[in-house]
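Subject: Handover of a structure and notes on it

Dear colleague,

Please find the structure below, followed by an account of what was found in it. I would be grateful if you read the notes with the structure open beside them.

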Amino acid sequence: MSEGVKDRAPRLAPGCRLGIGEGQEDLLLIPEGALRLKGPARAIVELCDGERTLCEILEELTRRYPSDDATRIETEVIALLGRLRDRGALEFV
Amino acid sequence: MKYQPQGLIAEVTHRCPLHCVYCSNPLEMQRRSEEISTEDWNCIFRQAGEMGVLQLSLTGGEPLARTDVTELVRAGRSANLYVNLITSGVGLDAARLNALIDAGLDHIQLSFQDAEEGPANEFAGTRAYALKLRVAAMIRERRIAFTINIVVHRHNLARLEEMIAFAEQSGAQRLEIANVQYYGWAFRNREALLPTRQQLDRSIAIVEAARERLKGRLRIDFVHPDYYPKYPKPCMNGWGHQQMLIDPSGRVLPCHAAPMMPGLEFFHAPAHSLRWIWEDSPAFNRFRDESWMPEPCRSCERRTRDFGGCRCQAFLLTGDAAATDPVCSFAPAHTVIEETLVRINTKDEVPTGRSWVYRIDPH
């Protein structure tokens, strides 16, 4: 993803929402399908509310996981959000 | 559950203002008086949600021909299902669209028959094109997932680039270009609808180039025409593996063409529980595992990927639902496909007239 994207706020695309209830906890529901969110991915997607910038999301995650390497968090979060955007499930406002 | 259902396709009515020549609805359609009630659907959706079904597709016929679609959407969301509406757009105005979105509709798939008004109306057997454009504009103004679906065949593939250009400026996030599937009315009209190999090769090249160009803006799904691939499609991802379809009368099916096959008994919901039908009814188990498979499927390494192909296609083309899908190049009956393709691809014999049969509407 390009540099400027850090100042923009990611949010789920229309028609994409996190699964609710039994058996749907790790699912992102999308038109006519579902994507499985592994590990901390759901918590990351929950932060993508269209208000927080990517920069702020990274700061928040670094606060939450102080023992993890901040550079590694950044690499992994950007990779996850990039995949979701390519799949049409995420947009930057 | 060994086979976890993922999707429920609810054909809530067979009534439709369009009469498309490639409609895959059964030739024997159900009447309005046979349709089950809002409360019955509500009960079915609750059971589906409890079984772990994720996706509900409201389709038909034209689902908007029912006056209770908003309630059906609400019932689907209450049952914790993701709700898709598969529609021609006929019957949708701003107030109704707003009500559907307020009720929790997640995604709209709007059909177009062509990128040009004249042919579009001809294939649909009705003048719906202009209205569909207005519906597309209405959907674009709202924040809801939007897919455009265009069924393609011999008589409109020449305009594939125009169709993609149209979808590009329509505001849709996804374009589904689906070749006709040869069941129901489409099977009856298949000689007039099958594309030539030249058309198919051209369309694949166009779609690939468009996918590259539109990456990140418009997703393009392409459904290949039956008969051309070397191997058959993994129909429904396996009989009774992931999907169930319920017809307007509440009859639960592994796919919508299944009732034409002899010797299979299909049960109605909610009179019978969805779980019993899915797990234990003989028809759902008939082609579920590999024990029904003849050779060459039984020893074929692809059997876990395509499951022997489509049972309904096998029945339509060979008279035996338990035969290898003739589309498969290893199938004993593959000659039927070869002969059809030779006929279609021999210039002099291509049927040029529009001698097709329009779908009629049930009352």
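Two residues are said to be in contact, or to touch or cover one another, if their C-beta atoms, placed from the backbone, lie within 7 Å. Helices (H or I, at least four residues) and strands (E, at least two) are DSSP runs, numbered from the N terminus. A residue is buried if 20 or more other C-beta atoms lie within 10 Å of its own, exposed if 12 or fewer, and partly exposed in between, again with C-beta atoms placed from the backbone.

The model is a predicted one, in which local features need pLDDT of at least 70 and side-chain atom pairs count only at pLDDT 80 or more, while totals for chains, interfaces and linings use all residues. Residues are numbered from 1 along each chain as its sequence is written, and chains are lettered from A and ligands numbered from 1 in the order in which they are written.

The helix H9 of chain B

Helix H9 of chain B covers residues 197–213. Its 17 residues should span 24 Å at 1.5 Å a residue (the expected span is 1.5 Å times one less than the number of residues), and its end C-alpha atoms are 25 Å apart, which agrees. B:Leu200, B:Ser203 and B:Ala210 are buried in this helix. Seen down the axis of H9(B), the buried residues fall within an arc of 95° (taken from the directions from the helix axis to the C-beta atoms), so they line one face of the helix. The other side of H9(B) carries exposed residues, among them B:Arg197, B:Asp201 and B:Glu208. Helix H6 (160–168) and strand E7 (219–223) of chain B are included in what covers the buried residues.

The sheet of chain B

Two strands pair if DSSP finds at least two bridges between them. By this rule, nine strands of chain B form an open sheet with mixed pairing, in the order E7-E6-E5-E4-E3-E2-E1-E8-E9. E7 and strand E9 (252–253) of chain B are at the edges with a single partner strand each, so one side of each is left without a neighbour in the sheet.

Strand E2 of chain B (residues 55–59) has five of its five residues buried, so it is largely enclosed by the rest of the structure. B:Gln55, B:Ser57 and B:Thr59 point one way from E2(B), whereas B:Leu56 and B:Leu58 point the other way. In a regular strand the side chains alternate between the two faces of the sheet.

Which strands pair with E2(B) in the parallel sense? Strand E1 (residues 7–11) of chain B does so over five bridges, with B:Leu8 opposite B:Leu56. E3(B) does so over four bridges, with B:Leu85 opposite B:Leu58. E1(B), helix H1 (residues 38–50) of chain B and E2(B) make a right-handed β-α-β unit. The crossover is called right-handed if, with the strands pointing away from the viewer, the path from the first strand over the helix to the second runs clockwise. E2(B), helix H2 (residues 69–78) of chain B and E3(B) make a right-handed β-α-β unit as well.

Where the two chains meet

On the chain B side, 16 residues are in contact with 12 residues of chain A. Strand E3 (82–87) and strand E5 (145–152) of chain B are the elements that give two or more residues to this side. B:Asn80 lies in the loop between H2 and E3 of chain B and is buried, with 21 other C-beta atoms within 10 Å. Leaving aside residues up to four places away in sequence, B:Asn80 touches A:Ile20, A:Gly21 and B:Gly49.

Backbone features to note

Most residues other than glycine have a negative phi, and most peptide bonds are trans. A:Glu32, although not a glycine, has a positive phi of about 55°; A:Glu32 lies in the loop between E3 and E4 of chain A. The peptide bond joining B:Ala269 and B:Pro270 is cis, with omega about 0°. Another cis peptide bond runs from B:Glu295 to B:Pro296, with omega near 5°.

Yours sincerely
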